[in-house]
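Student: Could we go through this structure together? I would like to learn how its labels are decided.
Tutor: Happy to, so let's look at it.

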Amino acid sequence: MENKIEKEQILAMVKEYCRENLQGKGYQPGDRIHYAGRVYDEKEVCSLVDASLEFWLTAGRYTERFEEGLASFLGVPYCVFVNSGSSANLAAVAALTSPLLGERQLRKGDEVITAAAAFPTTVAPIVQCGAVPVFVDIDIPTYNIDVEQLEEAYTEKTKAVILAHSLGNIFDLKRVKEFCDAHGLWLIEDNCDALGGEYQIEGQVKKTGTIGDIGTSSFYPAHHITTGEGGAVYTSDPLLHKIIRSMRDWGRECSCPGGVDNLCGHRFDGQFGALPKGYDHKYVYSHLGYNLKATDMQAAIGVAQLEKLPYFIERRKKNWDYLKNGLVCMAEKLILPERLPEADPSWFGFILSVREGGGKARAEIVSYLEQCNIQTRNLFAGNIIRHPCFQHLEEGVDYRVAGMLENTDKAMRDSFWVGVYPGMEKEMLDEIIHRIKEAFL
């Protein structure tokens, strides 16, 4: 009889392989310093192999564990795993179009306030869902929405606000939440760059992404934790959760997970729309949704990454503080980032803006840093309405601009950022500080 190979044997060999082959040599002078990167060990690989050996492929037990684990970390009851942070934003905005929301439903032509200095997929779902984005300027040095312009942006057509915590820096949630509450608006927090940030509001410290009606996350390799591709949508509202799951799962009415039938006990005795009575509940569609599901293998990586998340957050904070302290002497030439007193951000990057009269242009500084093998990034789209994707859209019809976008344009011209991800060693941070100073010589 052939010897049976047990799963435990395979996983033990995988663990041994990882320990022998995943050990990096550490930073060496001249190595490329990336703005972000995956930080993982044998736990993620073993979890991935474990899921792959089961070959369930679509959402399964690891997805359930990951959703429950992330919800627990955030302190919310509901979390839905999706295939990207962009899909998370799409599902969040699409959920607001549900007829189940009654008078608060987001309808075609309604307006959604957002920042012009944004990643495209914070804005794209607004247009894709038939609504009108209303762009507001940012504040520098927080690089978040200028809350003084919110009232100017508001009209009777306004239904929602969707904003990102820029590079992890927490926007003025108190003022934005007060504005939304006063006008009965939905608030979506794009939390893709800020997972684990905390904000003091109404006498409580809450996680970013949980103060608005819906929060979203991205698990792309550059982000706080990774599942390769992946994202999540979370809420404390059971109705919104039901709609979000429906939007993710083809728009179906049924809430049964994959491989499960008749969880509700009424699979063949319901009446839905104009369908025949007793039509199979698994094939009833209450929304025009999507297929935004991720795989169980991705979730398996996420389960292992969640264990490391508190450490990742702490490292990001320390790295950001180290860069800030090391560059404070450059304040006459560079605008250094600032946070709000109520905020304890979980940073995604360290952003700088070249001051007027500083002697150098952004392009010169960035070019020098890249030549020195230090990876840089712009503030995403800069001003989103300057991009080709907006050339076929008509201002005043397809989108609206509230006030001037002076700081947005300044960030587009003069700002850049470097990384603070947990894989950065002190020598790498020192090199960044040294080269930024040297760039002005």
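Student: What makes the link between the side chains of Tyr-311 and Arg-315 a polar contact?
Tutor: This is a predicted model, in which local features need pLDDT of at least 70, side-chain atom pairs count only at pLDDT 80 or more, and totals for chains, interfaces and linings use all residues. Residues are numbered from 1 along each chain as its sequence is written, and side-chain values use heavy atoms, leaving out hydrogens and water. A polar contact is a pair of N or O atoms within 3.5 Å; within protein, one must be able to donate a hydrogen and the other to accept it, and residues adjacent in sequence count only if both atoms are side-chain atoms. The side chains of Tyr-311 and Arg-315 are joined at 2.7 Å, so the name fits.

Student: Why is Tyr-311 called partly exposed?
Tutor: Buried means under 20% relative accessible area, exposed over 50%, and partly exposed in between (1.4 Å probe, protein chains only). Tyr-311 has 45%, so it is partly exposed.

Student: And why is Cys-180 called buried?
Tutor: Its relative accessible area is 1%, so Cys-180 counts as buried. Cys-389, at 41%, is partly exposed.

Student: How do you know that Cys-180 forms no disulfide?
Tutor: A disulfide is a pair of cysteine sulfur atoms within 2.5 Å. The closest cysteine sulfur to that of Cys-180 is in Cys-129, 18 Å away, so it is too far for a bond. For Cys-389, the closest cysteine sulfur is also in Cys-129, at 16 Å, again too far. The count by this rule is 0 disulfides.
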